[in-house]
Every structure is written in C-alpha cells, then in structure tokens.
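Trainee: Got a minute to go through a model with me? I'd like to start with a ligand and then move on to an interface.

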Amino acid sequence: MIRLTIDGQEIEVREGTMIADAAARLGIDIPVYCYHEALGPLGACRMCLVQVEKMPKLATACTTAVAEGMVVHTTGPQVDKGRKGVLEFLLINHPLDCPVCDKGGECFLQDYTFRYGPPQGRFQEPKIQKVKDGPISDLILIDQERCVLCQRCVRFMDEYVGEPELLLEGRGVETVVTTVEGRPAQSQFAGNVIDLCPVGALLAAPYHHKARPWNIEREESVCTLCPVGCTTLTTGRDGRIVRVEGRPVVDRNWGWLCDRGRFGFDFATHPSRLVNSRLHGREEAAARTTREIGQWLREVVAQEGGEAIAVVMGGLHTTEEAHQVYRFATEVLGTRRLVVSRDVPGYVPRGLNGTFEDLSAADAVILVGTDPYESAPVLHLRLRERLKNRRAPLTLMGVAPRNLSRSTLPVETLVTHVGQEADVLAAALKEAAGDHPAVAALLSQGAGIARGIDPTQVSQLSRVLREAERLVVVWDGVEPDVEHVLAALAQARQGQTTRVLPTFGPSNWRGFERAGFDARFDALTRVLEDARDGKIRMLILWGADLLKDYPDRRLVEQAYERVEWLLAEGVFVPEGAEHFDAVVPGAAPGEVYGTYVNMEARLQIASPSVNPPGQARPTKSYLTAWAHALGKPFVVDEEWDPYDDASGDLLPEEPLPQDIEAIRAPDLPEGGVELLVSAQVWANGIPSQILEARLEAAQIARISPLDADALGIREVGVIRVESAEGVLELPVRVDEHLTPGRLLVPLGVGALPVNRLRPGVVKVQRLEEVQTP
Amino acid sequence: MKPEWKEWAQEAKKQFPRANSALLPLLHRIQRAEGWLSPETLTEVAELLDLSPQYVDSVASFYSLFFKQPVGKRVIHVCVGLSCMLAGSDELMHALEERLKISQGQTTPDGEYTLLEAECLAACDLAPVAQVNLRYRGPIPPEEADRLLTEEVSS
Amino acid sequence: MSQTYYLLRHREVPEIGQIAVYRAHGGYEALRKALSQYQPEELVDLVKRSGLRGRGGAGFPTGVKWGFLPKDGRPRYLVVNSDEAEPGTFKDRELIEHNPHQLIEGMIISSYAIRANEAYIYCRGEFLKGYEELSRAVQEAYQAGFLGENILDSGFSLDIFVYRGAGAYICGEESALLESLEGRRGNPRLKPPFPAVAGLYGMPTIVNNVETIANVPPIVTYGAEWYTSMGTEKSPGLKIMSVSGPVNRPGNYEIPLATPLRQLIEDYAGGLKEGRRLKCIIPGGSSVPLLTPDKLDTPLDYESILQAGSMLGSGGCIVLDESVCIVKASHRLVKFYREESCGKCTPCREGTYWMADVLERLEMGLGTQDDLAILTDVADNINGKCFCPLGDASIGFLVSAINHFRDEFEAHVREGRCPLGAKVYDTANY
Ligand SMILES: Cc1cc2nc3c(=O)[nH]c(=O)nc-3n(C[C@H](O)[C@H](O)[C@H](O)COP(=O)(O)O)c2cc1C
Ligand code: SF4
Ligand code: FES
C-alpha cells in the first residue's frame, strides 16, 4: 500500500493506482475525458492536470501512478490555468451548438467549461469543418465536430469488445472518428459508445432531437431482457420511454449494455402491446371484464376450492408483483399450485448460485451449453474482461453441442451430442474425483462414458475440475441432469469454490421463487398434466406464454383445451388467443416500482419513469378488484421486502445441495440431425420496432456449412423438419460454429415453434433456397 | 485483388521477424504498383494480413505518403520547410501552380501531375528542393520550375 | 578550409558506399577489433568513457542509456532512428545515402555491446534513395559475413532489418517510431515504461540516432581518449552541423564540439551571401529557440548553447537574414508542427492549429492588438502540458521570436501589413 496526500487529505491505496482514482476515492473531482478505469490510462485529453510537489510540470492524474509520500494539489492557480487552457483548446474547433445538442445538460464539456473553463472565447479563426449527424449505424449518429478525440469509443470497441468497428482516421487536427468507408457498425455492444462519449459526438439515433434534460424523467432501472439484469437509466418523456442508458455501479459494473437492451425499450409502446382487456377474444371494458372474472373465480372457489386453480408466473414482472400474486393465490384463492413459466428444464439450487464477483475472481470458467454472447451478452464482456486480466490467468472451457469459441473469446470446447453434456461432465468428474461419495452416487447408474469425445479433452477438463481454486460454471439449463453433476462437483470440490451462473429465463425467475413460486420445471409440468387430466379448472397465466415457451407444445394445448377457465395477464396477448376466456393488460418494466433478481441471485431496484398506457394496470389493481369480487379482503402487503439484511442485496445463502441424484448415460443418436435449442436475446420474441430488422435477422434457425452444402443451401434457405411429433418449416442460415448434424433453433420465437417437435433426431429436407444479395 | 499481392504479403511477412511489421511495407509495395490505395485495396490488404479493415484504414490515413486518392504519374513534392522558403519555395510552388493550372494538393485533369506540399525534406542544402516520385531534385530556383515537369524520372 | 573527416569520410573516398571500397579504407576493422578484443560490457564502458551523447536531439549519454537495459534474459533490440525530419537537419540523410556501411558497422558493434541479435533501421519514408542504399549495403554485409550467424567466428549473430516509414515527423520520436515499426499509427506511447525496459514488441530496446551509431566505429578504432580530446568535458567529440539559409556554402560540417558558432557560419559555411545581414540563427533544428547575432561567439556544445538560451538539438542550423519576416518564419515553423501533430493530445493538436491561424492572419496584416498576448498565452498553455515533446517543440522558436522581435510583430498589426513586404501564399482559410 502507498500513502499519499491529496489536497491535504491522506489516503492509502494499492501500488499502481493512478492519482485520478485515488482522488476519486476521496471524493475529489478531477475532470477527465479520455480516462476510463475500464480502459486504462491514455493521457490524450490532458484535462486531468494536477500539481504534484517536486515535479517540475503539471502532471496528468490519469497516467501518473501514486508514490509513497506524494503530495498532490488538484486546485491552485497553476492547475486552474492548465485546465482552463485545455478547455479552451477543446472548444476552439467545437461548434458550440449546445442548444440543439441531445447531450446538452448532460455533457462533460458543458459541465467542465462551466466549472473550470474560460469565461469567454478568444478564438476568432475559422473552425475545421467535419461531418455532422453522420451515421455510425442505424442506431448511432456521430457529430465529428463535437468530438474531443478522447478515443474512448474507439478503444472500447477495439480493446474491450474486440470488435474494432470504429477507427481514428487522419492525423492531427484533421483526425476524425468514423467507420471504414461509412459501413455501419454491427457490433451488439456498439451502443455503449454513446454512454462513453463524454460530449455530444456520439448520439442515440432513436433519441435524436427527442427531448431536453428538463422535460424528461430519468430513473434508475434494470434491463429485463436477459438474466444478466444490467443496471440502466430509463428516460421517459410524455408517457413514453424514449431512451435507455447504462448505469455504472461503483465496484460492481461499468454500466455496459448490449444494444438489445439499450434500444429494445420500445416493446412497451409496440403496436402489439396489450392496452385493453379482452373477454372471449373481444375487447371489453375493464370493469366488465373484472366483473366476469370475479364471477368465474367465485364459482370455482365455491364449487371446488382454490386448489382447482393454478397460477403460472412469467414474463417481466417484479419480485413484489410476484409476491402479490402469491399472496392473492394462497390467501384469497387458497391454492398452492404456483409455478413459474419455463422454456428449458434445468434448475440451479440457490446454494450453488454464484455472482459476477465470483467470475472476476475465478481461475477457471466452464460454459455448459450456453454461448453468453447470444444468451447474456454483457456476461460475454465480463468474461472478456476477466480473460484480458494478465495478472490472473483464466482457463476457459466449454461443454456444449456446438463450438462456443469466438474470435473475441476463445473457448476450448468439448463438442457433445445433444443431451450429452451431463454425461461428459460426469466423465471428467469421474476422472477428477471418482472416489468421492458424491461422485460415486452420481455415477451409480453408469454415467460418465463420454462416448465419442476426445479423451485428452476429457482429461483436460478433469484437470480443471480438480485443480481450479475458484471455478465458475455458466449453464443454459437445457440438459437437466447437469444440475446433479454440478451438485456432486461442488461437494467433491469442498474447500475450493464452485459456483454456477444460470443463463436461462424468465429473467426474474429467482425473484418469483423468492416470492413463493416453485420455479422447477417439473412443478410446471405437473400443473400442465393435472390440467390436461382435468384436475384443474382454472389456469391463470401471469405474464406467461406457455404455447410459445414450454418445450412440449402438445401438453400445453391439451391443458388449454381441458381447463374450464383460461385467464392471462400480460403486456402482450399470449399465443393461442382463441383459448383464452379473458386477457387483461398489465404493466411493463419501467412502469412499476420493484425489484428484479438477476442470474447472480442479486436483487436490483427499478423505479418507473412512465405510467402504464391505456387500461394497463399494475398487478395489484387486478388482485384487489378480484378479491373484492370474491368478497374477501386483500390489502397489498407493502411491507413485504424481498431483501434479507444478512445477505445484503443477494438473496439469502443456502447450503450446498446434499442429496445427489444418480444420472444415466444418454442414448446417443446414430446419424441424423439433432435438434438443438438455445436462448438468444436477439431472437427472444419480445418485439421492438427500433430493432425490427435486427430481430428478424436473428429469428432464424441455423445449420452447419456441411449440412447446408448437402442440402444445397448457400446462405439462407427454408427447410422442412420432421420428427415423431410433427413437421415444421423453418428458415435457416449457415453458421460456421455448428458441427455437422446439428440444427440450432432459438427459443421463444413465435415463428419458429420448435416446441412442436420432440427434442432429439429429426429429418431435414430443403424446401427452397433464398437468394441473398 | 491482383494475384501477385498474395505473394507480396507473404514476402512482407517474412521480411521481418514479426508479421505486424508487414503492413507498411506491403502498402508501400502495392501503392508503388497501383499509384494509390483505394478503399478496396485497403480492405484486401487487411484480409491478406489478417487485420481488421478498420485498423488498416486507420494506419494508412495517418501517413502522408500513403495516397487514399488517385494521384498523377508524377507526384511532385515541393518542400515548403523554412530553409526552402528562405530560398524561394513559395515562388517555386506558385510557378508550378500557374504552369499546371492546379492548386497544390491537386492532380492535373490529364492525370500526369500531382502537386503536393512537403514539410522539410532534410535536404536544406539543396534549397529550394523538390521530390519527383520521391527522387530529389534541387536546387530548383523558381524560374527553373519547368525542369521538374520534364526531367527524366527514374522509378 | 581544410578538414579531417571521420563521419563524412565519403567526401574524400568516392564510392565508399560499396563494401569493397569501404573495406579497402579500413572498413569493418573496428568491428573485427570490437568482436575479438572486447567483451560486450567493455564496449558499453568504452562508449560511456568516450562521453558520446545522443545526436538525435536530446543529447543523452549513449553509454548510460545502454546501461539501462534490464538484465533479465529477454531478447533485446537495437533500433536506429533514421527518420530525420526536424526542419533544418539533413545530416543523417547524407550519412545513409553515401556511407551506409559506416552505420551498419556501428550497428553491429553496438548490437554486440548491448547483446542484441536483431537490429532495425527506421528510415524516413521520403528517404527512398537512403532506403535503397541501406538495403543494398545490408545485403553486401550479409554476403561478406558481417551479418547473420556467428559473425567473424565470434559466436555473435545479428540480423539487420531496414524499415521504411511513410511520412510522419512524429515517428522520429522514439516511442512513436516503435509504434510505426510495429505497423501502427505513429502515436507516441505512454512512458514509463521507457523503451530500454519495454520497447519494440515489448522487449528491451535501445533507440539511437544514425549519427550516434556512426560514431561508434571511430571510437572503437581510435579509443575513448581520442574522442574526449575533442570538445568539452561534458560535450566531447564530433558533431555534424547542418547549415542552411542564405549562406555561401550550405551543407553538413563535421566539427569538434565547442567550435564557436561564428566559425561554423563564417568559415565552414562561407558566411552570409553577399549583401545579406544576419538577423538570427536557429542552432539546433526548428524545435529550439533562436539566437540573436550577439550570441555568435557561443561555443557549439550542449551546455554553452543552453546557457545562451537555446539548444544544440539535432544540429540543424538555420540562418535567417534581415530580409526574412520573423512572423512569416514563425508561421512556417508553427504550421509545420500543426501538420505533423499526431492529434492524440489536445494542447498540441488544437494549440498548433490556433497559433498557425493567428500567425497567418498577422502576416496578412489582419492581426489585432490582442494577438500577441493570445499567442504568448496559447504557447504557455501548450508548454509542458502535452503528451510528448512535440508540443513544446512547436513553441520554442515562436516564443523566442516574440521575445526578441516583438516590435516586428507589433508592426504587422500597426501597419496592417507585413513591413518587409513578404507575401503569403496558400491562404486557404481567408
Ligand atoms: C517530435 C520528435 C521528433 C524526433 N525526431 C527525431 C529524428 O528524426 N531523429 C532522431 O534521431 N531522433 C529524433 N527524436 C529524438 C528521439 O525521440 C530519440 O530521443 C533519439 O532517437 C534517441 O537517439 P540518440 O540518443 O542517439 O539521440 C525526436 C524526438 C521528438 C520528440
Ligand atoms: S466520439 Fe466521443 S468518445 Fe469517441 S473520441 Fe470523440 S469524444 Fe471521444
Ligand atoms: S484524462 Fe488524463 S489525459 Fe485525458
């Protein structure tokens, strides 16, 4: 540790800390443009000048590392003049068009000039002219004249993301930030440069000229489009959300978002948004609908008791909303059939759940099934950041039915058959700790064969399982037996850390669980079977869309047909509208206050920046109205708090699971095409007009180049897929990452109803080839 | 892409112990053959060296000897450094502009000449000095400007 | 005037660029001596004792720099800086065009001394001829067995690579040079680490100027005492001065350090041309302050020139006579820095742009009362606040010009024109 004095205050910091960061820790503001802790020092803008005693010149706080006994002054005549000079320089070629700049009022150049800058300009010469409002992509605009050439954007894309889509062109005062030949930037992380840009040079196209800081509501919120749960700021104006920005949280995250989350906010104002109640398929006044529903509820409860009603929680609801539904169901209706909508069967017990801090500290990470780039994009960035940290090397391996390696994140992948992940992991675990009782129990049914997998790879994996001090597994929940392997692994590795990050949804499933719902897939299946078998008379879907999501569509159809009353609350009309007796419009994220629990089991608070549109209501208004119709009191328990003091913003810890379930080696298919599903944020079915083109491009199945060749498909085509259960026509494109014999279909896409088929081997035939330009 | 470029890329990579150093030599070589570096060329160079097109564009645009616009058969760099200025380089440049009917920075419509300013060419003893296709010519007093347009140029 | 040449020997020996001629005149004997009679550390010590200082501009003691290399077993590189682009300097070009083997011999000895097995020459992009000469000479040296494996049976091996820049003054700055050599934009690197610790491809690297390395063979041949017998205690040895401007014999002159400036101008360069009167002298390339005629007797060594208010720098000596408008000269030099600023840091990028514009306006007679104060203050806001020394270099001459010739600047404003009647061409902005 190094001791130094900044503006008379003493502080102790780690060796290698920059003066800028040490000052920040003391709450002393040193203005910076080019410096960003995540990107490291650059020293280009010269804004952060400070005076260090015994140094002949002013020093840049962002590039000067602390030294023992150093005495730093961040103000004083010399520093003030230096700052003033730099600001004046930055302004001479700046267009000074703050009144028409989207960044006006939120701009570092404005703020610093106000605080430290010269009172008036002395520059009389003509300014250099550059591009204004030029496109970086359809989503991002650049005003090169406002750019201060801090390079944050260029460096972020190049060094941090590894997708160098922006570049510095030219030299000296003619230097500009641009893309190659004006080609649009494609990276799903490009939008972050808007937040990174300290001035009004990089702008969100959808927000362009939309609002001024004084007529917006900018609230802290959380992105709900995937289980990472990135922290955001949402901007509401005139009842609409018009912008989402990343929100850094000190010591926790840098505020990165993927463009799906940043620009996909308009689902709440999408034309297909449900804003009116529907009764038997027709729009109906809310009051009438409520009366009708009340009557049905009364009838069922009176005739058969609450247990004849089941509630399926899903969608984008808060933990508090789920808890209100839970209380309504248990106390007013009297049912315990409370389950969570699931699209994959896997489950992670709380006792195994890890955090992003675990990831940063991990010396090995194993991706099971999931490609975070597609399923949890910002997790991909976290992995990259972890991998780039040279001081602490990271082993990154994958076990999945496809190659998970990317140029931005090399992953040594054991490519399995569909459904073989658990067995391959078990084989490695057998080699690593075969004698451990937990492992023995896991293997007692003969699993751990790893047929067809290169034994050296299995050994490599087993070494990681044995030797990694801190191991994190990232898992997509597709192959359910993996849960048991992970439980055995954690036990066998007692003493070393073993943590799991689940990438499956719904994004707040752990919050629903906290609120009292059973999040296990089997519980949901049981409810559906009971409904099919006539044991349930009313099914209430709270935000859930089972026909779209549940892996066995037949079962859902049978259940829907059999129940007497089928009710849904949601932001969109669920698939199979004809089955529903009533559908009522609910509030969306950004419209209610509450918490979401992310893949770390971390609670994060979101505040609304707009009200629900039309007749859409927050959950509690329906519940109180229905309770009233039932003649029962229901007061929303505003006191209920998902937080537990001891665990801070994490859900309470639980012990490691003790009982280990034995798994069986899978029957592997011989030849044929294996059907493989995956969660992908760009395909996940939540609509957005802003992102329409990109979503459409992502909502497509994929095959390997070899299979495409065999089918005579060059880039894109349509195929006919047949399994025992049925037939499906799917648009497909070629994906270099796929091994021959695999057909990858994204989950949750209405147009790709993969749940019409049984998982396993399918027959594939080409229907037509689509020519792309 | 010209077929020989692949070979040149291989040679450039082998010329230095680490392949990173191959970019400038390859750009030099291709420019020498093509006269300038078109956007397509830069993209192809990126491909040849396994670099991103952004990277190649950014690097090429930094250096004043890489031409991202087409240039004439004779590229005339007139040194406008201080020592040459003292010896009349402004007048030399002016004479050439009048003679070629273009301003510095431009290329004659027939594609014969490109007239460019050069910063000090490290030949102040020859002031006022110029380079024609990077071959030194000097001293060239303004009244002898024509010599730059007619004298033999070696490649 | 009669002169003994060491570094400029090609003036006496035609065709010395050919290896046979070079060898016939004792070439590569210093190498033989170095490899057979010295351990590497002894050579470092020899260069230290000779007091040789870097000729690239900063004058840092070469042997001391070599001693900074960490002894950690990592490969080391020697990089020779032949990017010579400092206005007024043209000595390295003459050396590489006419006597490339002298540099190559110096590189082999220096590489042996610092235990480097790879050496690079970064040749300015405009030096097409120099590049060709060097490339040819390197091939000759390989064929003669002076390069490659096991040189002269010493067990020492060395490869030399010749690299060509592509037009960027900033690439003369050593860390920008390394960036360029690694195929990137020539932006200077953050220091520390200094190249000696983490240079080319992250390895310990010594960057030296062409002239610096060309000094090494004669030092090996004649000894450290020979070198220290010339010049002063702190500035020993020989320096090539490039003289340009309205003198009778512009050119490079090899002088013992501490030779008076007057002697360089009047004797070596033959004095000012008929009818011209000295206004001022830039003694060390465009980046240093000017000296007025009363400083003509200053000895040309690092310390004396510093005391006189300027720097020896790269030895590019530009003579300005009284017909030269000081505003125009300032504009020309500042414009050079504006063109050559890499653009990475704010004060250099914007400040040079601003100053060049103001100077252009002044020269055109469009200046205002405030302009001088603005220029001085802008220069002060650049001073010491840039990422690399280019920013400071851009104000050296200007500030001294304002100090010494304030009247002439003011006259431009007062009279609304250049009192010397200088014309301004290329006034794109007005
Ligand atoms: C802007 C700038 C330009 C420079 N240009 C050159 C150059 O052209 N040649 C050179 O040898 N050194 C140049 N230098 C100095 C080098 O950075 C470095 O100090 C030198 O090459 C070291 O060699 P030496 O110790 O032999 O002098 C320049 C420095 C700066 C800041
Ligand atoms: S566009 Fe913004 S982030 Fe990028 S360099 Fe310019 S000021 Fe910096
Ligand atoms: S923040 Fe320090 S130089 Fe930019």
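What follows is a short round of questions and answers on this model.

Mentor: Sure, but keep in mind that this is a predicted model, where local features need pLDDT of at least 70, side-chain atom pairs count only at pLDDT 80 or more, and totals for chains, interfaces and linings use all residues. Residues are numbered from 1 along each chain as its sequence is written, chains are lettered from A and ligands numbered from 1 in the order written, and side-chain values use heavy atoms, leaving out hydrogens and water.

Trainee: How far is an oxygen atom of ligand 1 from an N or O atom in the side chain of C:Asn209?

Mentor: The shell of ligand 1 has 18 residues (a heavy atom within 4 Å), and C:Asn209 is among those that come nearest. C:Lys65 puts a polar side-chain atom 2.9 Å from a ligand oxygen, a polar contact (N or O atoms within 3.5 Å). For the C:Asn209 side chain, the distance is 2.6 Å.

Trainee: How many charged residues are in the shell around ligand 2?

Mentor: That shell includes A:Cys147, A:Arg152 and A:Leu202. Counting Asp, Glu, Lys and Arg as charged, Ala, Val, Leu, Ile, Met, Phe, Trp, Tyr, Cys and Pro as nonpolar, and the others, with Gly, as polar, there are ten nonpolar, one polar and, as for charged, one.

Trainee: Which residue of chain C forms a salt bridge with B:Asp125?

Mentor: Chains B and C share seven salt bridges (Lys or Arg side-chain nitrogen within 4 Å of an Asp or Glu carboxyl oxygen). In the one from B:Asp125, the closest N and O atoms are 3.4 Å apart, and the partner is C:Arg93.

Technical notes. Polar contact = N/O pair within 3.5 Å; in protein donor to acceptor, adjacent residues only side chain to side chain.
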